[in-house]
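Reader: Hi! I'm new to looking at protein models, could you walk me through this one?
Author: Happy to, let's pull it up.

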Amino acid sequence: MAPTGGSEETNQLEILTGANKDGRIKVVFDDGQTRKDIIQTVNMNDNTTTVFYKLMDAIYQELGFDYDMTGSGMTIYIKEPTQEADKDITITLEDLDATGVTGVGSEWRKGVAGTGGVAEVNELEITEAGSGLKDLSVNFTDGNYLNETVTVTLQGTETPSEIADKIESAFQALYNGKGLFRQNITVSGAKVTFTSTKTVADQNITITVKSK
C-alpha cells in the first residue's frame, strides 16, 4: 500500500550542448547512500538529442532498480518511486575528453514523506520435493511490465528447503546479481519471501512453479 499526502522527489539532468569530437562523458549521481559514476562514449557531431538518448539508456541501466525515469525535450527526470523525505541528491555531468558536451543537474521537485504505506509481501512455499532429475520453471509477474522466469535444476534428492534455497539463488542472480526488480528475496525453511523495496500501490503479483 502506497503512502499518501506526500510527494516523490524528482531530480533532473538537462543536456545543453552536443559533441564536437569523439570521447567520453561522465554523469555522477549521488543520493547520499549510493554513488554512481556513469561513463558514456559520444561521437563527433552527436547532437543534444543523440546525447540525451545515450545518457537516458545508460542512466536507466544503473538507476532503474531504484528510481523511475522519464524524459522531455533534452531533460532526463529521475524520480523517487515513493513519497519519502527529501534527499540531498547531486547530479553532475563531466566532459572527460573535451568533447564539448555540457549539461546541468538540479532538483525539480522536493520529496515530502507521506503517511501510511506498507511494503507488499508475497510468499512461495515448497510443499513437496518430488523425485527424479528435472528442471523447474519459476515465474514472478505483476501482470504488467515485470515478468521474470528462472530455471532451477533438481537432482531429485533435494528437500523442500533446499529447493527454496535454489529458487532464491536463481532470482538473486538475475541481471548480473542485481536480482529481481525492486524485490528483496529471503528464504526461511521451505518458504521464499518476496518483499517490495518500495512502498507503492498493491500489485497483482503471481508466482507460479512448473516442471519443464
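**Two domains and a pocket**

Author: A good place to start is where the domains touch: ten residues of domain 1 are in contact with nine residues of domain 2. Keep in mind that this is a predicted model.

Reader: Okay, and which residues does each domain cover?
Author: The domain assignment puts domain 1 at residues 10-109 and domain 2 at residues 121-211. Their C-alpha centres lie 33 Å apart.

Reader: How much area is buried between domain 1 and domain 2?
Author: About 770 Å², with carbon and sulfur atoms giving 52% of that area. On the domain 1 side, Phe65, Pro81 and Thr82 lose the most area to domain 2, and together they make up 67% of what that side buries.

Reader: Nice. How many salt bridges cross the interface of domain 1 and domain 2?
Author: The rule finds two across that interface. Over the whole structure, the search finds 15 salt bridges.

Reader: Why would side chains pair up like that?
Author: Side chains of opposite charge can pair when their charged atoms come close. As an example from this model, the side chains of aspartate 97 and arginine 24 meet in a salt bridge, at 2.9 Å from N to O. That pair links distant parts of the chain, 73 residues apart: aspartate 97 is in the loop between strand 6 (90-95) and strand 7 (102-109), while arginine 24 belongs to strand 2 (residues 23-30).

Reader: Cool! Changing topic, what volume does the largest pocket have?
Author: Its volume is about 240 Å³.

Reader: And which residues line the largest pocket?
Author: Among them are Tyr60, Gln61, Phe65, Tyr145, Asn147, Glu148 and Lys178. Helix 1 (48-63) and strand 10 (147-154) are the elements that give two or more residues to the lining.

Reader: Which domains does the lining draw on?
Author: The lining takes at least three residues from each of domain 1 and domain 2. Phe65, one of the lining residues, is also among the domain 1 residues that lose the most area to domain 2.

Reader: Last one, how many of the lining residues are nonpolar, polar or charged?
Author: Sorted by class, there are six nonpolar, three polar and two charged residues.

How values were computed
Residues are numbered from 1 along each chain as its sequence is written. This is a predicted model: local features need pLDDT of at least 70, side-chain atom pairs count only at pLDDT 80 or more; totals for chains, interfaces and linings use all residues. Side-chain values use heavy atoms; hydrogens and water are left out. On a 1 Å grid over the protein atoms alone, a cavity is a set of points where a 1.4 Å probe fits but cannot get out, and a pocket is an open set with protein on both sides within 12 Å along at least five of seven lines; lining residues have an atom within 4 Å of a point. Grid points are joined across faces, edges and corners, and a volume is the space filled by probe spheres set on the points. Helices (H or I, at least four residues) and strands (E, at least two) are DSSP runs, numbered from the N terminus. Ala, Val, Leu, Ile, Met, Phe, Trp, Tyr, Cys and Pro count as nonpolar, Asp, Glu, Lys and Arg as charged, and the others, Gly among them, as polar. Domain bounds come from an automatic or database domain assignment. Contact means heavy atoms within 4.5 Å. Buried area is the accessible area (1.4 Å probe) that two parts lose on being put together, summed over both. A salt bridge is a side-chain nitrogen of Lys or Arg within 4 Å of a carboxyl oxygen of Asp or Glu.
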